[in-house]
Amino acid sequence: MRNLTLRQLRSIQAIDHHGTIAAASRQLGLTAPAVTLQVKQLEDDCGLALFDRTREGMRLTVAGAAVLEAANAIETTLRALSDEILAIKGVRSGTIRLGVVSTAKYFAPRLIAAFRREYPAIEIKLTVGNRLEIIRDLKSYQLDIALMGRPPIEFPVEAMVFGDHPLVMISAPEHPLAKARDIDRARLLKETIIIREPGSGTRASLEGFFAGHPGELDEVSVEMGSNETIKQAVMAGLGIAFISAHTIAFEVEMGRLVILDVEHLPIRRQWHAVGRKERMPAPAEIAFKEFLVKRGAVHLPLLGKLYPAEGMVAEG
């Protein structure tokens, strides 16, 4: 494999992205036969086919997926090297591909704005997705840094804590539990509980909270795919929900949602900045991580209180 070239690797990346050699050649500024030759030479060196030729287009084989992962890693390392050279020259610039889970989108713009006031020449390209999507993009080197609650365990990462992440139970202000105190798990399970999709960090925390009541959560839960949908459903009176406190600061302040006083809540998790362990971080990434550790928590949404000021003891 020592004879492979960047042009060959970039051909693999382009074909995987576009699905056809013709489209890949247009992106690369090469002729279709030239791109075909790059792939054939690499396949000859590997001794394996890198693509299956199908009616729907070119599809990576297992060997092709391994080559693509290496190509992405090399491309990321070269970009970091370019930023490092600029830093040595005294240029405080660069680009960060930042991914955030959907819960973090409520504060990510504030973090980015504060960081860019200090580093105006550093560009941040923001991607928002659910937990599985962000982990996928981080694994495939499509992201430099990801902000999430639980770091992935599927591949080696470095994770740094930059703030607390409280998870709470909410209801509409007129809900019977809105002014109750010391609500226990059994009482909550008498209500419709609106939950996130499987794979969500919030969903996993809620399932852990009700671990002592096996199967009961499934019987009373309704699944919805986004925090915004869940908030609207709760405000409409469709049920209660378990959600990140950082997603509801505005609605609580405006009196449209209330945080329930539940025994053993809030669950306190932490926000992490996560990157792949084996890759070399660029100077811009290092500066962003240092900013998060020093001042990231200051830019998280604040709630004046996590419980109602007054109420009664819940029944049951």
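Is Glu251 buried or exposed? We will settle that in Exercise 1, and then work through the rest of the model.

**Before you start**

This is a predicted model, in which local features need pLDDT of at least 70 and side-chain atom pairs count only at pLDDT 80 or more, while totals for chains, interfaces and linings use all residues. Residues are numbered from 1 along each chain as its sequence is written, and side-chain values use heavy atoms, with hydrogens and water left out.

**Exercise 1. Find the partner of Glu251 and say how well each of the two is covered.**

Step 1. Set the cut-offs: buried means under 20% relative accessible area, exposed over 50%, and partly exposed in between (1.4 Å probe, protein chains only).

Step 2. Glu251 has a relative accessibility of 10%, so this residue counts as buried.

Step 3. Look for a salt bridge, that is, a side-chain nitrogen of Lys or Arg within 4 Å of a carboxyl oxygen of Asp or Glu. Glu251 has one with Lys231, and their closest N and O atoms are 3.0 Å apart.

Step 4. Place both partners on the chain, taking helices (H or I, at least four residues) and strands (E, at least two) as DSSP runs numbered from the N terminus. Glu251 sits in helix α11 (residues 249-253) and Lys231 in helix α10 (residues 227-235), 20 residues apart, and the pair links distant parts of the chain.

Step 5. Check Lys231: its relative accessible area is 2%, so Lys231 is buried too.

**Exercise 2. Describe the salt bridge between Arg295 and Glu118.**

Step 1. Recall the principle: side chains of opposite charge can pair when their charged atoms come close.

Step 2. The N to O distance between Arg295 and Glu118 is 2.6 Å.

Step 3. Arg295 belongs to helix α12 and Glu118 to helix α5, so this pair ties together parts that are 177 residues apart in sequence.

Step 4. Arg295 is partly exposed at 31% relative accessible area, and Glu118 is partly exposed at 33%.

Step 5. For the wider picture, the count comes to 18 salt bridges.

**Exercise 3. Which residues touch the most other members of the largest nonpolar core?**

Step 1. Define the core: a set of buried Ala, Val, Leu, Ile, Met, Phe, Trp, Tyr and Cys residues joined through side-chain atoms within 4.5 Å.

Step 2. The largest core has 34 residues, and those touching the most other members are Ile96, Leu98, Phe115, Leu147, Phe162, Phe288 and Leu292.

Step 3. Among the elements giving two or more residues to this core are β3 (94-101), α5 (108-118) and α12 (283-295).

Step 4. Zoom in on Leu292, with contact meaning heavy atoms within 4.5 Å. Leaving aside neighbours within four places in sequence, Leu292 is in contact with Leu111, Leu147, Phe162, Ala273 and Ala297.

Step 5. Apart from this core lies another, of 20 residues, including Leu167 and Ile240.

**Exercise 4. Locate Thr202 and list what it touches.**

Step 1. Thr202 is part of helix α8 (residues 201-209).

Step 2. With a relative accessible area of 7%, Thr202 is buried.

Step 3. Not counting residues up to four places away in sequence, Thr202 touches Thr103, Leu167, Phe242 and Ile243.

**Exercise 5. Work out what packs around helix α2.**

Step 1. In α2 (residues 21-28), the buried residues are Ile21, Ala23, Ala24 and Ser25.

Step 2. These buried residues pack against α1 (6-18), α3 (32-46) and β2 (57-60).

Step 3. After α2 comes Gly29, with a positive phi near 70°.

**Exercise 6. Where is confidence lowest, and where is it highest?**

Step 1. Start with the scale: pLDDT is the predictor's confidence in each residue, from 0 to 100.

Step 2. The mean pLDDT of the protein is 87, and 93% of its residues reach 70 or more.

Step 3. Confidence is lowest in strand β13 (residues 312-313), at a mean of 46, and highest in strand β5 (residues 145-148), at 95.

Step 4. Over residues 309-316 the pLDDT is below 50, and beyond near neighbours in sequence this stretch has 18 contacts in the model.

Step 5. Where pLDDT is low, the predicted coordinates should not be read in detail.

**Exercise 7. Sum up the protein as a whole.**

Step 1. The protein has 12 helices and 13 strands.

Step 2. Its C-alpha trace spans about 75 × 50 × 30 Å along the principal axes.

Step 3. Of its 316 residues, 47% count as buried.
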